[in-house]
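Here are some short exercises to work through with the structure open beside you. Try each task first, then follow the solution step by step.

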Amino acid sequence: MWALDDCSFIVREKLHEMLQASNIATKDGLQNVIGKLLENLKRYPQDRRSILMTYKKLGSTHAELVLPLVTQLLEIHPFFDTPEPDIEDPAYLCILVLVFNAAEHCPTLGPLLDEVNLQKRKGPAEIHKYVLAISYGLS
């Protein structure tokens, strides 16, 4: 993962492609990858497209690992109403791409998003359309 700090775009992009093809075994492993990619996005904003593609693929292939991380990733608190994050924030957008792509492959994740998370925020259908449009635009 240290190669994500490389100043060469080609090295970082190839590592993103490797992560897209990887099979992460644990929830903690996925959480480490997510955190490192978010750091990478802050440091190299020009990598946004490659990082979004990586989140899209990770969500699709690791839905069962994304499920236990959803409340932490989306900063959902069961009792307190948290402020709505800015959907234009690249880091939040990456998380939404990850979660919505995981939801397509995990039947229990969709209802969780509808009931718990997005009720207090913009409608799930509106956000879902926005994220999927970006996600499909990455293909």
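**Exercise 1. Find the helix that holds glycine 59, decide whether glycine 59 is buried or exposed, and list what it touches.**

Solution. This is a predicted model, so please read every value below as computed from it.
- Step 1: Glycine 59 sits in helix α3.
- Step 2: The relative accessible area of glycine 59 is 0%. Buried means under 20%, so glycine 59 is buried.
- Step 3: Set aside residues up to four places away in sequence, and glycine 59 touches Val66, Leu98, Asn101 and Ala102.
- Step 4: For a link across the chain, go to histidine 105, which is 46 residues from glycine 59 along the chain; their C-alpha atoms are separated by 8.5 Å.

**Exercise 2. Work out how α3 and α6 are oriented and which residues make their contact.**

Solution.
- Step 1: Helix α6 covers residues 90-103, and it packs with α3 at an angle of about 30 degrees. The axes of the two helices are 7 Å apart.
- Step 2: Angles under 35 degrees count as roughly parallel, and α3 and α6 are therefore roughly parallel to each other.
- Step 3: The crossing of α3 past α6 is right-handed.
- Step 4: On the α3 side, the contact is made by Arg48, Ile51, Leu52, Tyr55, Lys56, Leu58, Gly59 and Ser60. On the α6 side, Leu93, Cys94, Val97, Leu98, Asn101 and Ala102 take part.
- Step 5: Sorted by class, the contact of α3 with α6 has nine nonpolar, three polar and two charged residues.

**Exercise 3. Place threonine 61 in its helix, and say how far it lies from asparagine 101 in sequence and in space.**

Solution.
- Step 1: Threonine 61 belongs to helix α3, which spans residues 48-61.
- Step 2: With a relative accessible area of 34%, threonine 61 is partly exposed.
- Step 3: Threonine 61 and asparagine 101 are 40 residues apart in sequence. In space they are 8.8 Å apart, C-alpha to C-alpha.

**Exercise 4. Arginine 12 and aspartate 47 are in contact: say where each one sits, whether each is buried or exposed, and what else each contacts.**

Solution.
- Step 1: Arginine 12 lies in helix α1, while aspartate 47 lies in the loop between α2 and α3.
- Step 2: Arginine 12 has a relative accessible area of 1% and is buried. Aspartate 47 also counts as buried, at 0% relative accessibility.
- Step 3: Leaving out neighbours within four places in sequence, arginine 12 is in contact with Ala3, Leu4, Asp6, Cys7, Asn40, Tyr44, Gln46 and Asp47.
- Step 4: With the same neighbours left out, aspartate 47 is in contact with Phe9, Arg12, His16 and Asn40.
- Step 5: Compare the two lists: Asn40 appears among the contacts of arginine 12 and among those of aspartate 47.

**Exercise 5. Determine how α1 is oriented to α2 and to α3.**

Solution.
- Step 1: Begin with α1 (residues 9-21) and α2 (residues 27-43), which pack at an angle of about 155 degrees with their axes 13 Å apart.
- Step 2: Angles over 145 degrees count as roughly antiparallel, and α1 and α2 are therefore roughly antiparallel to each other. Their crossing is left-handed.
- Step 3: This contact is made by Arg12, His16 and Leu19 of α1 and by Val33, Leu37 and Asn40 of α2. By class, the contact of α1 with α2 has three nonpolar, two polar and one charged residues.
- Step 4: Turn to α1 and α3, which pack at an angle of about 10 degrees, with axes 9 Å apart. These two helices are therefore roughly parallel to each other.
- Step 5: Here Glu13, His16, Leu19 and Gln20 of α1 meet Ser50, Ile51, Met53, Thr54, Lys57 and Leu58 of α3. The class count for α1 with α3 is four nonpolar, four polar and two charged residues.

**Exercise 6. Step back and describe the whole protein: how many helices and strands does it have, and what share of its residues is buried?**

Solution.
- Step 1: The protein has eight helices and zero strands, giving the pattern α-α-α-α-α-α-α-α along the sequence.
- Step 2: Of the 139 residues, 44% are buried.
- Step 3: Take contacts between residues at least 6 apart in sequence: 74% of them join residues at least 24 apart.
- Step 4: The protein exposes about 7500 Å², and carbon and sulfur atoms supply 58% of that area.

Terms used:
Residues are numbered from 1 along each chain as its sequence is written. This is a predicted model: local features need pLDDT of at least 70, side-chain atom pairs count only at pLDDT 80 or more; totals for chains, interfaces and linings use all residues. Side-chain values use heavy atoms; hydrogens and water are left out. Axes are lines fitted to C-alpha atoms, for helices over the stretch in contact, and angles run from 0 to 180 degrees between N-to-C directions. Helices (H or I, at least four residues) and strands (E, at least two) are DSSP runs, numbered from the N terminus. Angles under 35 degrees count as roughly parallel, over 145 as roughly antiparallel, 65 to 115 as roughly perpendicular and the rest as oblique. A crossing is left-handed if the near helix is turned anticlockwise from the far one by less than a right angle, and right-handed if clockwise. Contact means heavy atoms within 4.5 Å. Ala, Val, Leu, Ile, Met, Phe, Trp, Tyr, Cys and Pro count as nonpolar, Asp, Glu, Lys and Arg as charged, and the others, Gly among them, as polar. Buried means under 20% relative accessible area, exposed over 50%, partly exposed in between (1.4 Å probe, protein chains only). Accessible areas come from the Shrake-Rupley method with a 1.4 Å probe; for residues, only the protein chains shown count as cover.
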